[in-house]
Amino acid sequence: MGEVGSAEIAAILLTPALSSSKEEREHGGSQRHDICWRPMRVVLDPEVLVAALQAKAGASRVLLEWALLGEIEIALSVSLVLAYEDLLLRPAAPPVPGLSMADVRAVLDALCAVAVKTGIDFRWRPILFGATDDIVLEAALNGGAGAITTFRPADFEHARHLGVRIEDPPQLLDWLRSMECDS
């Protein structure tokens, strides 16, 4: 599947669930054309991606949509994509309402297509207490991300001194929405 095709599929899968009205769905959902800003590069913790696909609305879902539509940049490493797949595609994974496994794969493909790909630099490990948390941090550091979004900011406390903003999805969304343009 080509990059444009994957992104289009993912946008079609996600946008109707995020838009609050028929008019918004017809005019691009929650796109941010009314705000002047530069895209921020972020890393989504795997649990945030799972929540984004399982919920019909919410900050995680909006962040995923913005990533797929190019409103924010996502940094990804191979290790992080494998962590996403482990949570979303394993047989015992909770189902994603309204999405088949093929749909979930299409969303992952689309995310990979639009993401900033990062190399792996193992010298950053271990810094945090969990192996997956280190993978998330590693993608942020090697990918030049300004923020990590996670439901467990306290687990990333040791990473704050490295210059990466650590926020839960609602806090990151509020911060992004509050950004103003430099004139």
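Buried residues, meaning those under 20% relative accessible area, with exposed being over 50% and partly exposed in between (1.4 Å probe, protein chains only), make up 46% of the 183 residues in this chain. Before I go on: this is a predicted model, where local features need pLDDT of at least 70 and side-chain atom pairs count only at pLDDT 80 or more, while totals for chains, interfaces and linings use all residues. Residues are numbered from 1 along each chain as its sequence is written, and side-chain values use heavy atoms, with hydrogens and water left out.

Okay, the surface. The chain has about 9000 Å² of accessible surface, and 55% of that belongs to carbon and sulfur atoms; the areas come from the Shrake-Rupley method with a 1.4 Å probe, and for residues only the protein chains shown count as cover.

Now the parts list. We've got eight helices and five strands. These are DSSP runs numbered from the N terminus: helices are H or I with at least four residues, strands are E with at least two. Walking along the sequence, you meet them as α-α-β-α-α-β-α-α-β-α-β-β-α.

So how are the five strands ordered in the sheet? They go β3-β2-β1-β4-β5, in an open sheet with parallel pairing. Pairing here means that DSSP finds at least two bridges between two strands. At the edges sit β3 (116–117) and β5 (165–167), each pairing on one side only.

Let's look at β1, residues 41–44. Two bridges link β1 to β2, residues 73–76, and the two run parallel. R41 stands opposite E73, and V42 has I74 as its bridge partner. With β4, β1 pairs in the parallel sense over three bridges, and there V43 stands opposite I148.

What packs on that sheet? Helix α8, residues 169–178, touches β1, β4 (147–149) and β5, and its direction makes about 120 degrees with that of β5. A contact is heavy atoms within 4.5 Å; axes are lines fitted to C-alpha atoms, for helices over the stretch in contact, and angles run from 0 to 180 degrees between N-to-C directions.

While we're on contacts: of those between residues at least 6 apart in sequence, 68% join residues at least 24 apart.

Last stop, V78, in helix α5 (residues 78–89). Is V78 buried or exposed? It counts as exposed, because its relative accessible area is 56%.

That's me done, questions welcome.
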